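Trainee: Could you pick one part of this model and take me through it closely? I'd like the cut-offs spelled out as you go.

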Amino acid sequence: MLKVINALLAIVGGVLGSLLLFYVMNKVVERLPRKWEERVKPYVFFGPAVLLIGFFLIYPAIRTIVFSFANSDSTSFIGLTNYTDLLGSGDFVSGALLNTLLWMIVVPALTVIFGLAVAVLADRLRPRAEKFTKSLIFLPMAISLVGASTIWKYVYESRPEGTPQVGLLNAILDKFGIAPVAWLQLSQAHANSLLLMVILIWAQVGFSMVLLSAAVKGVPEDTIEAGRIDGASEKRIFLSIVVPQIWATVITVFITVLIIVMKIFDIIYVMTGGNFNTDVIGMRFFTELFTNGNNGYAAAIVVMLMIAIVPVMLYQVRNFRRQEAQR
Amino acid sequence: MTVSLDSPTPSTPSRAARRKPPQQGAMQSRAGWFVKITMGILCLVWLIPTVGLLITSFRQPEAANTSGWWTAIASPLKATQWTLQNYHDVLFNGQTPMGVSFVNSLAVALPATIIPIMIAAFAAYSFTFMQFKGRDALFIVVVGLLVVPYQVALVPLLQFYGSIGLNGTFPAVWLAHAGFGMPLAIYILRNYMATLPLSVVESAKIDGASHFVTFWRLIVPMSVPALASFAIFQFLWVWNDLLVALLFLGQGDNMVVTVNLASLLGQQGQGWQLLTAGAFVSMAIPLLVFVSLQRYFIRGMTSGAVKG
């Protein structure tokens, strides 16, 4: 119970403590001459937040870059060796890197397509059915990927031939007299990776659906009506009138899912531990850092991830600027 | 699940939405068989795996591991096949029972949610209502940091915590999550505050109220929806996180539900009746929070927030 008391103390301390900190700093600043007060006060307000960001994100990020040029316990510099080691090993390139690339190609696209399909199709159901369907598909957003993986591990479970199958997929095969398949070990054509991707898609379609549904409902009726009057088919109306108007949302969803995919870790850790050719860079990072204790490799992997994310970051900033200009 | 998903109120409405309010359905036509069947199949795909998990968590160990969960539905009234023992076992037995992890998760997630809120709110206020040099540039940095994955901080942080003996303790995780969540918190709160009428702040200023008073008496009460949005995001994020908990808390007495469930899954010979019960214990709180506060969650989501 000590933990609970500690947690409660932390909550009270965190809120009151930070409030007190701001209050005291504010009082101190108010004693300054008027001109200085106006100048200094903003720093008091954003200072603690910037310190936290600096200490827990920016400074460590710089240290990570430095570590990526150092040896496994960060005691001496070894130049680009970590990078050449990693990029020179087929294990990393055609394993973790290639699989991550596959995830990046498959998952965001399918999540957008499924989300859009649900958004458009559910729109045509009766309101009660629409609400039920959407709530159901949205629900996996709440649970952890560890939880989602547990759910699907049970679906993929495989027992030796001849014994009763408790996994849904193999039970279905069994009904047709087909021998059970050890799904998670099925690395031909990356089949097992695809089965792991199903978990993330299952978890993320709800997010995609909610955003896209709001966008589709926001398409002005008169633009669609105009298409109908011109005699366009439903398909044509959807592709030429609706899609262009929701494109910005499509991109937002795509990028959000893409970022999640690039650093995916939980699903692989729980389902296969990166074995059977399902390794990804998020998993490899953990293996190097925690299991192998190799700071150099782990840092180099993160730096590669960071470089891959820079374009997304630039897009995000540009997008934000455009939004601000419209405000 | 009574909250409607149909009309989220984005704090930054898209151009199309601003031009015209959302309508009854832009593509209006009745659902044909194709639509009904497709949606039916989709619902089943989303529902069945979870139903299987739920049913198994109430089955006798012997039955759960020698027959599929669907066989239990064939005779649902046979009372002897149902049991609550699995939940009892997973909550109270074992080296670190799920019950202990449940308390740990609360002890991690609540402070990690509450601590950053106040700090972010002050920062968001300064970005919205105060003038200072480099304000816009600083905010652009915050926007850029939104998509940066927290992995960038983990290598040095693990080393740093190790050197000051903070590894394996709750404060290590609170502080890390407070830092990682800060860009999103500032972003959500600032975007919301920017929609508040500036006249309120200005008239308060004319009345002689200091920034501190304006913030505390006016802006914080008006920003409750945005504060709630972020709180839910952060709470779910921290509760459901595996990597940070695994690195900084590990698998000892302080392990949280996600780490506990992952380690149950990794152990040979754990029966499915225990795994499924453990999974539901780990999901109970997030599901409850999510279902009851979905409105705020959707508002945060539609504000265009992306977390790296």
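Mentor: Happy to; let's begin with a single glycine. Setting aside neighbours within four places in sequence, G68(B) is in contact with P164(A), Q165(A), V166(A) and A171(A), where contact means that the C-beta atoms of two residues, placed from the backbone, lie within 7 Å. Please keep in mind that this is a predicted model, in which local features need pLDDT of at least 70 and side-chain atom pairs count only at pLDDT 80 or more, while totals for chains, interfaces and linings use all residues. As for labels, residues are numbered from 1 along each chain as its sequence is written, and chains are lettered from A and ligands numbered from 1 in the order in which they are written.

G68(B) sits in the loop between α3 (61–66) and α4 (70–74) of chain B. Helices here are DSSP runs of H or I with at least four residues, strands are runs of E with at least two, and numbering starts at the N terminus. G68(B) counts as buried because it has 21 C-beta neighbours inside 10 Å; the rule is 20 or more other C-beta atoms within 10 Å for buried, 12 or fewer for exposed, and partly exposed in between, with C-beta atoms placed from the backbone. Measuring C-alpha to C-alpha, G68(B) and Y150(B) are 40 Å apart in space and 82 residues apart in sequence.

Now widen the view to where the chains meet. Contacts link 105 residues of chain B with 102 residues of chain A. On the chain B side, the biggest contributor is helix α6 (residues 98–129), with 16 residues. That side is made up of 75 nonpolar, 27 polar and three charged residues. In this scheme Ala, Val, Leu, Ile, Met, Phe, Trp, Tyr, Cys and Pro are nonpolar, Asp, Glu, Lys and Arg are charged, and the others, Gly among them, are polar.

Another chain B residue to look at is M39(B), which lies in helix α2 of chain B. M39(B) is buried, as 22 other C-beta atoms lie within 10 Å. Not counting residues up to four places away in sequence, M39(B) touches L121(A), A122(A), L125(A) and T133(A).

Helix α2 (residues 33–57) of chain B also meets helix α6 (residues 145–156) of chain A: their axes come within 9 Å and cross at roughly 90°. The axes are lines fitted to C-alpha atoms, for helices over the stretch in contact, and angles run from 0 to 180 degrees between N-to-C directions. The crossing therefore makes α6(A) roughly perpendicular to α2(B); that label covers 65 to 115 degrees, whereas under 35 is roughly parallel, over 145 roughly antiparallel and the rest oblique. From α6(A), the contact uses I151(A), W152(A), Y154(A) and V155(A), and from α2(B) it uses P49(B), T50(B), G52(B) and L53(B). Six of these residues are nonpolar, two are polar and none is charged.

Next, the packing. The largest nonpolar core has 188 residues, of which A49(A), A120(B), F122(B), A123(B), V173(B), I186(B) and L189(B) touch the most other members. Such a core is a set of buried Ala, Val, Leu, Ile, Met, Phe, Trp, Tyr and Cys residues joined through C-beta atoms within 7 Å. Helix α6(B) supplies its largest share, 19 residues. Take I186(B): leaving aside neighbours within four places in sequence, I186(B) is in contact with A49(A), A120(B), A123(B), A124(B), F127(B) and V142(B).

How does chain B look overall? It has 16 helices and zero strands, and 52% of its 308 residues count as buried. Among its contacts with a separation of 6 or more, 80% join residues 24 or more positions apart.

Finally, confidence. The model scores ipTM 0.92 and pTM 0.91. Chain B averages a pLDDT of 85, with 88% of the residues at 70 or above; pLDDT is the predictor's confidence in each residue, from 0 to 100. Among the elements of chain B, helix α13 (residues 243–248) has the highest mean pLDDT, 95, and helix α1 (residues 15–19) the lowest, 40. Over residues 1–28 of chain B the pLDDT is below 50, and this stretch has 59 contacts in the model beyond near neighbours in sequence.
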